[in-house]
Each structure stands twice: as C-alpha cells, then as structure tokens.
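Got your viewer open and the model loaded? Let's take a walk through it, one selection at a time.

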Amino acid sequence: ENGLRVLGRDWNANLIRWQLIRHGRPGQPSSLENYDAWLEGELKRLDAALPHCEKFGIYVVVDLHSPPGGKATVSGYIGSDDRLFTDRKAQEKFVEVWRRLAARYKGAKAIWGYDIANEPVEEFVEEGCDDWHALAERVARAIREIDPQRAIIVEAPPWGSPESLADFTPIAVSNVVYSAHMYVPSQFTHQGVFKKTGEPVIYPGVIDGKLWDKAALERALAPVIKFQKDFHVHIYMGEFSAIRWAPGDSAHRYLRDAIDIFEKHDWDWSYHAFRE
C-alpha cells in the first residue's frame, strides 16, 4: 500500500503495468500442469493491490508476462514463445486464461486494459497452430464476448520492438491499443546487465559507430509513428528504460528525450520499472 501511495500521490503517476511473471531456469520449458496454481497466486496479489490503486488514482494494465507454453529467457522469466506457437493445447489454454481474466476483472474500476502477452516471439509456427496475429485476434474476441469495452493491448513479434510494427497489421477487434517497447540502442540502455565488462556508453554520443541523439531515437521509432498514422490507432509504449548506472546524466537525458517523443505523438507510456 505504501509503495502505491508513493507512486500515485507523491509521484503523481496514473498507471501501473502489473506484470504476471512466472520464473524458471533460463531455457527451461514451462509446464501447463501447474500453470493455474501459479496464476491464481499472482492474481491474489493483484486482487489485494486493486483497492489501493483505486484509492490512489492509479489505473492498471494487466500484463500476462508469462502466457502458457513459454520457456524461461536469459533473465529468468518465462516468455511468450516456444510451445505457444507449436502446441495447440497451449494456445487453447491461452484463450481460456483470458476468458477467465476478463470474467474476473470485468467490473474492476481500476483496470484500464489487458496486455495479452509480453513481447511475443514466433520463430516457428507449427502446422495446425495459429500465428501471433490470428492468436491475438482469437484472444481479443474471447475477451470481447465477456467485456465489450475494456482496452485490449497487443504487442507485435519479435519482442514488441519498435520495428516489429513495420510488418504488423491491426486485428479486427474494437478498442485495441498497439504497444511497443523502447530499449534502442540496447548497448546504452542495458550496459552492464548481461555483460559486466566494457567501456561506459554515453548518451547522446557515438555508439557502435553511429550518433545516437534525440533525432536518432525518433528515427528508431519511425515504424511506430507510421503504424499510428497508417491505421489511426492508439499507441502505448509499455516499457522503456535506461540503466541507472549509465555515465553522468546519460540516463536522465535518454529518458527525457524518449518521453518528449512519446508526448509529441500523443502516446501513452509506462516506465520499466518502479522500484525494480
């Protein structure tokens, strides 16, 4: 409660992307058998937080960070990949889970939208399985049967990156918000996360032989801008960040430039992550 009070009242935030995250050993496939038990435990935590979110004026995006059938990433969370695109049972489970979530939270005042899967990756789609576009539409239609109005948030493969929207098209469901994550250039935003050595990377500055500044960030976001203009859709930047140990005021300058661009194009956004 105190953390949400600080976020909502002291920081004047109005949205939190609540991540339903399942953990595992990197590369380890997840099990469908105990998925429901894991999910129920996570939802009880969300249920306890929702009254505080409402009290402190914070809307919630319910983010299914770990859909059925994924495997653990290098970061240790189970992602939106693997059997989600090769196992029909995992896809049916995915639709079932969202029917359950939509029914559970249909009347929840604090919830703004449903982010149906975090950073989907469809490297291979098995015969008889849906690709991400078709699966996302199935899930969205299932939600709409229960909740006709709540925002449905869709990210595109691979990894919900800005360039992922270059080859994506909207799904045929109402009130869908399209989302991307901004960690470009990753050599700056993630320096020291996976590789503990190397020279500090400064923003703005030359990174891998290319000048990165505000104009370069906007060029990296060009696919999102074009998608918005071509299809007249609502855009939500669900994650963006810069590592806090970036040299000098580099992180501040990167975040300031990113937010300026988001606001220029009337995008919603949420920083990743509060007190992580």
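Start by selecting Phe240, Phe262, Trp267, Trp269 and Tyr271: together they make up one aromatic cluster. Keep in mind as you look that this is a predicted model.

Now narrow the selection to Phe262 and Trp267. Are these two buried or exposed? Both of them are buried. Their ring centres sit 5.9 Å apart with the planes at 35°, and since stacked needs under 30 degrees and edge-to-face needs over 60, this pair counts as tilted.

**More rings**

How many aromatic pairs does a search of the whole structure find? It turns up 15. For another one, pick Trp112 and Tyr236. Here the ring centres are 5.6 Å apart and the planes meet at 85°, so you are looking at an edge-to-face pair. Follow the chain from one to the other: Trp112 belongs to strand β3 and Tyr236 to strand β8, so this pair ties together parts that are 124 residues apart in sequence. Colour the two by accessibility as well. Tyr236 is buried, at 0% relative accessibility, while Trp112 is partly exposed at 23%.

**The sheet**

Switch to cartoon view and show the strands. Seven of them form an open sheet, in the order β1-β2-β3-β4-β5-β8-β9, with parallel pairing. Which strands are at the edges? They are β1 and β9, each of which pairs on one side only. What holds neighbours like these together? Strands of a sheet pair through backbone hydrogen bonds, and the pairing can be parallel or antiparallel.

For a closer look, select residues 111–115 (strand β3) and 151–155 (strand β4). This parallel pair is joined over three bridges. Find Gly113, and opposite it you should see Ala151 in β4.

Next, add the helices that lie on the sheet. Select residues 35–55 to get helix α2, which packs on the sheet and touches β1, β2 and β3. The direction of α2 makes about 170° with that of β1. Then select residues 250–264 for helix α8, which also packs on the sheet, touching β5, β8 and β9. Compare the direction of α8 with that of β8, and the angle is about 170°.

**Helix α7 and what follows it**

Go to residues 222–231, which are helix α7. Its buried residues are Pro223, Val224, Ile225, Phe227 and Gln228. What do the buried residues of α7 pack against? Show β5, α6 and β8 to see their partners.

Just after α7, click on His232, where phi takes a positive value of about 55°. His232 sits in the loop that leads from α7 to β8, and its relative accessibility of 71% makes it exposed.

Asn12 gives you another positive phi in a residue other than glycine, near 60°. Look for Asn12 in the loop between α1 and β1. With a relative accessible area of 65%, Asn12 is exposed.

**Two cis bonds to finish**

Zoom in on the backbone between Tyr203 and Pro204. This peptide bond is cis, with omega near -10°, and Pro204 lies in the loop between α5 and β6. Last stop: the bond from His272 to Ala273, which is cis with omega near 5°. Ala273 is in the segment that comes after β9, the edge strand you met in the sheet.

Notes
Residues numbered from 1 in each chain as written. Predicted model: local features only at pLDDT ≥ 70, side-chain atom pairs only at ≥ 80, totals over all residues. Heavy atoms only, no water. Helix = DSSP H or I, 4+ residues; strand = E, 2+ residues; numbered from the N terminus. Buried < 20%, exposed > 50% of the residue type's maximum accessible area, 1.4 Å probe, protein only. Contact = heavy atoms within 4.5 Å. Pairing = 2+ DSSP bridges. Axes fitted to C-alpha atoms, helices over the stretch in contact; angles between N-to-C directions. Phe/Tyr/Trp six-rings, centres within 6.5 Å; stacked < 30°, edge-to-face > 60°.
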